[in-house]
Amino acid sequence: MTRGRGMTWQGGRAAWLAVATTVVCIAPTALAAQDLDAARTAFRTGQHAEALRLARSGGDAPEALRLRARILSHTGDYDDAIALLGGATGPAPSPALETVLGEALLARGRWDEAAAAFGRAEAGGAPDALTARVRSAEMLYRRGRRAEAFEVFDSFIDIYNRGARLDAEDLMAVATAVSYLGQRAHVLFQDALRAFDEATAADPGDPRPRIAVGDLFLAKYEAPSAHDSYRSVLAADAGHPDALLGEARALIFDGSPGAMTLIDQALNRNPNHVGARVFLARQRLRTEDYDRAREEIDRALEVNPRSLEALSVLAAIHYLQGDRTAYDRVRDRALALNPAYPDLFNTVAELAIDTRKYADAVDLARQAVQRDSLSWWGWGVLGTNQLRTGMIETGRANLERAFAGDPYNVWFKNTLDLLDTFEQYRVVRTDNLEIMLHGSEADLLEPYVTAVAEEAFAALRARYGAPPPTPIRLELYPRSADFSVRTFGLVGLGALGVSFGSTLVMDSPSAREEGGFNWQSTLWHEMAHAYHLALSDHNVPRWFSEGLAVREQRVARPHWGFRASPAWMQAYEAGQMPPVSRLNDAFVRPAFPEQVVLAYLQGSLVFDWIEEQWGFGVIRAFLDGYRTGATTEALAREHLGLSVDALDDGFDTYVRERYATEFASVTGGLQASPLMSAAGGGPGPARDVSELRAQARRTPGDFQTRLRLARALVEIEAWDEAEPEAREALRLFPEYGGAEGPWVLVGRIHEARGEIREAADAYRAAARFDESAVPLARREAELRAELGDTEGERAALARAVEAWPYDIEVHERLAELHADARDTRGAVIERRAVVALDPADMAEARYRLAVALRDDGQRDAARSEILRALEIAPGFDAALELLLELRGGGA
């Protein structure tokens, strides 16, 4: 091991270090010893009843009592373990039993008695005296006596470096002490890991060092290695509560499902497992289920009234419910136990982040680091949330400090690496906005981004009546990985945009493939969140804000936002979607991968219903109510006159009436038909036409069958038979869009017949239900051009640019159409886009831009562009003529 005075790690010695005096005890018989070995094996493989039976054969021998007490504590029978070892006040029958007694007392929050037991173990020369010593140091640390604790932890390096033989128990004690020292010298985490590995090598059957290794890996954000450690324990004992809790935490870290099932299994083994109860409470808080979260914390505190982790979550419950008096009371209760405890503030901050209270997280994290300047977690939470709230330089400085103390933290590292790229971005400021665009595409995107962002700001201000704090900071990233890191420090986030309040971050259109998403629609969605969070003081439930933001997309542009899809209807009909009152569950703890996407749609339909039935003022009143801390249940009663059950039933009636035909056409064959994609994508591949015809005759009202048949007939160019099938699919599900939807099939049929106008109209109809239908928009524009319908062509090309602004030919044609229509401002924007896309003939592109600028009355800018064109092509006659005209002041 290494530390400040240059001591080095002396690895490879695994035996027992004598700490003090020899323990006098009665050895069990040879048969009892065999039974104890068998009991130990049974315990480590989850056979607890058998383990206890065998351990009793050892009578009152310390090793037998020790094993029985450990089994009882493992299953949560702490009081029985304490009684078995002589009671809380002690002493235990042997010094060899004091450490196990102290651990059981510690689990019940009896700190003073536990400390006394650990002291007796060490003074009595117990075989596990080093474990007692490290537990005593942990108690000092837990009480806030950090300097004294670190002095004890530091002594373990000397113990190891002496080269004495240490057994597995001792190596675990060393590893535990060194892991604490890693807070001050991060390189020691590697030494701690090595000591845990040596403990495993010394006693391969003991699960504890492998669980500790998993915890250490997870603390250092190495989830794959953590999974390996926990799963190695679970392979031998599938119900080990500590390993189950660790694996559940790792699954949450990964964003993978299954954590709640594991916690249920852990609590089945040990109903008094405080860590599992605290974990469960935190997950309940993520869904804003405060009552059930409180139930779990109350059960945790019944077991251990001094659990700082449980008190921290209890404080968070009060904080998030707006009860600051109760919060202060619990905070003071925790700080009375440990005045230097930073993690109450860190815990409340992280749970505040889950409910999007980023400014609150900044204040709380600042209090954490004031309590403990070595709280790298606190410095990281502080810096990250300062970045989220627009305090870029201050946030960077605090994140640098966090990373200096915890350089294994990939969140910190990734974010700092991203911040280093900010010099590559251009910041554009408008009346209400601060827009950050990557330099490689800023010239192209600036006019489009500023236009739609200012339009969204103004339209939503008119609708909601009050703006969020300005300036709104909007950041667009050309790499999805960078957007993901900006959002939560890791790559892999599947979202398109995130709102932190007045800071909005999102993918640039270039971050995805053509047609992958409509960035303008996404921008509007995130701007809506800025309003919802500001008006509710960041108290709005996620389902409410997400559903309402999708509704705002459709209000802004009818073709934006999610549409009712067969996938949603099938999931809804199958009972796979929660009712309105529990819709938050689908966002924060989805039951299946597609559920989140379907929940966005369902939430938006809730607001279709509310606004149609009660008006937008009621929605605005809900936001005001959330600001004061009111619940959805109370607000539904006040403003809708509905109980929670009536709210759920009312929505169910609304969607079933609104989509009666659609429900009947996609859920009638639910058992036989696989779910269509969450995005509304097509049913399965076309099968033999005769088989599809027969199926259509059997189930004429089945949308998927009629669409499959129409598609198959189009593929074999049976146009006349295909059209009625496609139109019947339209009748059954009128809002079904997508590249292979019925409207596209109708368009292809009309094209095949030479019916150009009808084909163009069909493609336009298809685009009404697909916000990212770039190829459809381009094809419609081509057909409109054939018809001489320049206004239709211009509208179609504008929709193509809206979703994908990187097609230079579209910009060139759109510039011509704008000029012909006397839309000089539009022509300038498109000509600038052509220049930004680096055309093959840059001189010609700059000349065309100069003409557009002249026509728009921007003569100085036109002269600048002409001079740039002439720098490239000095003999460009048309450019020279335009320069003379501009210098002469002619028209």
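## Cores, sheet and salt bridges

The largest nonpolar core holds 125 residues, and Val449, Leu474, Trp519, Met527, Phe544, Trp568 and Phe651 touch the most other members. Helix H24 (residues 442-464) is the top contributor, giving eleven residues. A second, separate core has 96 residues, including Leu65, Ala114, Val303 and Leu311. This is a predicted model. In soluble globular proteins, nonpolar side chains tend to be buried together.

Methionine 527 is one of the residues with the most contacts to other core members. Which residues does methionine 527 touch, not counting those up to four places away in sequence? The list is Leu433, Ala453, Ala456, Phe457, Leu460, Ile472 and Leu504.

**The sheet**

Five strands make an open sheet with mixed pairing. Their order is S1-S2-S3-S5-S4. Strand S1 (425-429) and strand S4 (497-499) are the edges, each paired on one side only. From one strand to the next, the twist averages 15°.

At one edge, S1 runs antiparallel to strand S2 (residues 433-438), and five bridges join them. The connection is a hairpin through three residues. Tyrosine 425 has histidine 438 in S2 as its bridge partner.

At the other edge, S4 pairs with strand S5 (residues 503-507). This pairing is also antiparallel, over three bridges. Here glycine 497 stands opposite methionine 506 in S5.

**Two helices with buried residues**

Helix H14 (residues 259-269) has Ala259, Met260, Leu262, Ile263, Ala266, Leu267 and Arg269 buried. What covers them? Among the covering elements are helix H2 (48-55), helix H3 (62-74), helix H13 (241-254) and helix H15 (274-286).

In helix H25 (residues 480-488), the buried residues are Asp482, Phe483, Ser484, Val485, Arg486 and Thr487. Glycine 489 comes just after H25 and takes a positive phi of about 90°.

**Salt bridges**

The model has 81 salt bridges. Side chains of opposite charge can pair when their charged atoms come close. Three of these pairs are tabulated with their N to O distances.

| Basic residue | Acidic residue | N to O distance |
|---|---|---|
| Arginine 146 | Aspartate 372 | 2.7 Å |
| Arginine 473 | Glutamate 475 | 2.5 Å |
| Arginine 551 | Aspartate 608 | 2.8 Å |

Take arginine 146 and aspartate 372. The two are 226 residues apart and link distant parts of the chain. Arginine 146 sits in helix H8 (residues 146-161). Aspartate 372 lies in the loop between helix H20 (358-371) and helix H21 (376-388). Are the two partners buried or exposed? Arginine 146 has a relative accessible area of 12%, so it counts as buried. Aspartate 372 is buried too, because its relative accessibility is 10%. The cut-off for buried is under 20%.

The pair of arginine 473 and glutamate 475 can be read by that rule as well. Glutamate 475 is buried, because its relative accessible area is 0%. Arginine 473 has a value of 10%, so it is buried.

Arginine 551 and aspartate 608 are both buried. They link distant parts of the chain, 57 residues apart. Arginine 551 belongs to helix H27 (residues 542-556), and aspartate 608 belongs to helix H30 (residues 595-614). Which network of salt bridges includes this pair? The network links Arg463, Arg551, Glu552, Arg554, Asp608, Glu611 and Arg658.

Terms used: Residues numbered from 1 in each chain as written. Predicted model: local features only at pLDDT ≥ 70, side-chain atom pairs only at ≥ 80, totals over all residues. Heavy atoms only, no water. Pairing = 2+ DSSP bridges. Helix = DSSP H or I, 4+ residues; strand = E, 2+ residues; numbered from the N terminus. Axes fitted to C-alpha atoms, helices over the stretch in contact; angles between N-to-C directions. Buried < 20%, exposed > 50% of the residue type's maximum accessible area, 1.4 Å probe, protein only. Core = buried A, V, L, I, M, F, W, Y, C linked by side-chain atoms within 4.5 Å. Contact = heavy atoms within 4.5 Å. Salt bridge = Lys/Arg side-chain N within 4 Å of Asp/Glu carboxyl O.
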